[in-house]
Amino acid sequence: MKNTLKSIISDQKEKERQYAIQRQAEIDHIDTKANRRDFLKKTALGGMSLTALMGLSFEDSMAQTTSKVQKASAPSDLKITDLRYCVTTVLGRTAIIRIDTNQGIYGLGEVRDGADPRYALMLKSRILGENPCNVEKIFKIIKQFGGQARQAGGVCAVEMALWDLCGKAYNVPAWQLLGGRYRDSVRLYADTPTGENPEDQKEKIKYRTEVQGYSWLKMDVSINQVKNIPGTLNNTSIMNQNSSQWQGGYMSYANTKHAFTGVQITEKGLDELAKIVHNVREMVGYEIPISTDHYGHIDVNNCIKLGKALEKYNLAWLEDMVPWQWTEQHKTITDALETPTTTGEDIYLLENFKDLIHNHAVDIVHPDLASSGGLLETKRLGDYAEEFGIAMAMHQAGTPVSFMANVHCAAATQNFLSLEHHSVDLPWWEDMVRTTDGGKMIVKGYAPVSLTAPGLGIELNDEVIKQHLHKSDTTYFAPTTDWDEKRSHDRTWS
């Protein structure tokens, strides 16, 4: 036993010596920046011989002797030095930002899918020199520059990155900074697969639920699915053959709000849409919740007709039946139907959810964290809705950066139901990042909540992301000095 203990001590001392040499070499190296050199000196490690006496491995010794040492940074000395970005092809076009600091650590955020990274770049001059750990203070500085939907993308991206930085600085997960967690895993919902024929769709649904393990699905129930069937819709002239619900000119069907299209669903149309839901429900069964979305631009009366036609299928929710701004119409629909209703993916800030919540105009709030204000604002929103007996589901259609921001927020919010994962079938999506604790991002339809990984708990896999940069902008976190200078007076009151 004594010989074994002597051997452990000897081996440990040699490892200590090699580590000290390696650390000193980095301090002495000509290319080591002054802030990194100062950081290495401040966080010099000691006391490992004591843990060696207990027979711990080198890795265990490191963990033991640094458990109360700030390894990532000196938080009070942190300053923001840069904001950079890259644009990926996820969901067509989604930008990731990186906020750099004077101590070499950085934070990752995401500008919501389809939004311009300049929504984030315009904020750079307002945050340079600030301590990123003052998250709420910085959020109050920049939140006036966010708007609804994608126009909030810059503010939310910065807020995400600040929590990532703060978590790294204090060496704790983002959920811990939000007040702690309610759950160890976050339930996800995924798209319901379609197929070339019913048998093909059935096999794909079986794979989604039994192999991939998703226990909550969402499907489209759109008038676009029946518009080519004669007798299902009235006034289809506004919906030409190439019409899109999302893209078009200012006076197109895409940009005509629901009440102003004049499109109506006939009894035949209701039967055809009900058949679509019936067939999916038969394939999925009743144990798995099915949510619905993307009905098309129809008015409140047709929304109620459609909702009643689908009530017997026990849907988890009807989503965004009319634009979110129309609180009274949402309440009219909610009061008329037994199926839960929801909206919120395009709403920025808690203050703009309050009418919906106070009037119980929806049964579930459904924010997109990349639009609603980021992690803290979304948690505040969930907590506020909880006081009125309203649950919160979360919309998410982006890269693993916003996905993980949502996971941390969902873990910290009690009335959370389920989080959208919109890239289930994108084979390289998970490979865009590495988890810093070595765990998996998704396991059988759930996102495990890391108990130790600091910040958002991910690092970028540069090579994979570089393979999927948008062709319109293939720069990769290049300097953005054009955005350094502040050129306006921002105060909104006199």
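Q: What does "contact" mean here, and which residues does phenylalanine 403 touch on that basis?
A: Contact means heavy atoms within 4.5 Å. In this predicted model, leaving aside neighbours within four places in sequence, phenylalanine 403 is in contact with Leu188, Gln396, Leu419, His421, Trp429, Met441, Ile442 and Ala447.

Q: What makes a group of residues a nonpolar core, and which residues have the most contacts inside the largest one?
A: The members must be buried residues of the nonpolar set, joined through side-chain atoms within 4.5 Å. The largest such core has 124 residues, and those with the most contacts inside it are Ile97, Ile99, Val186 and Phe403. Helix H8 (residues 153-170) gives the largest share of this core, 11 residues.

Q: Why is the group with Tyr189 and Trp216 called another core?
A: A core is a set joined through side-chain atoms within 4.5 Å, so a set lying apart is counted as another one. This one has 6 residues, among them Tyr189, Trp216, Ala316 and Trp317.

Q: How do you know that strand S2 and S3 pair?
A: Pairing takes at least two bridges. Strand S2 (residues 94-101) and S3 have 6 bridges, in the antiparallel sense, so they count as paired. Opposite tyrosine 106 in S3 stands aspartate 100.

Q: What makes S1 and S3 edge strands?
A: Strand S1 (80-88) and strand S3 (106-111) each pair on one side only. The open sheet runs in the order S1-S2-S3, and its neighbouring strands are turned by 20° against each other on average, direction ignored.

Q: Which strands does H8 touch?
A: H8 packs on the sheet and touches S1, S2 and S3, with its direction making about 155° with that of S3.

Terms used
Residues numbered from 1 in each chain as written. Predicted model: local features only at pLDDT ≥ 70, side-chain atom pairs only at ≥ 80, totals over all residues. Heavy atoms only, no water. Buried < 20%, exposed > 50% of the residue type's maximum accessible area, 1.4 Å probe, protein only. Helix = DSSP H or I, 4+ residues; strand = E, 2+ residues; numbered from the N terminus. Axes fitted to C-alpha atoms, helices over the stretch in contact; angles between N-to-C directions.
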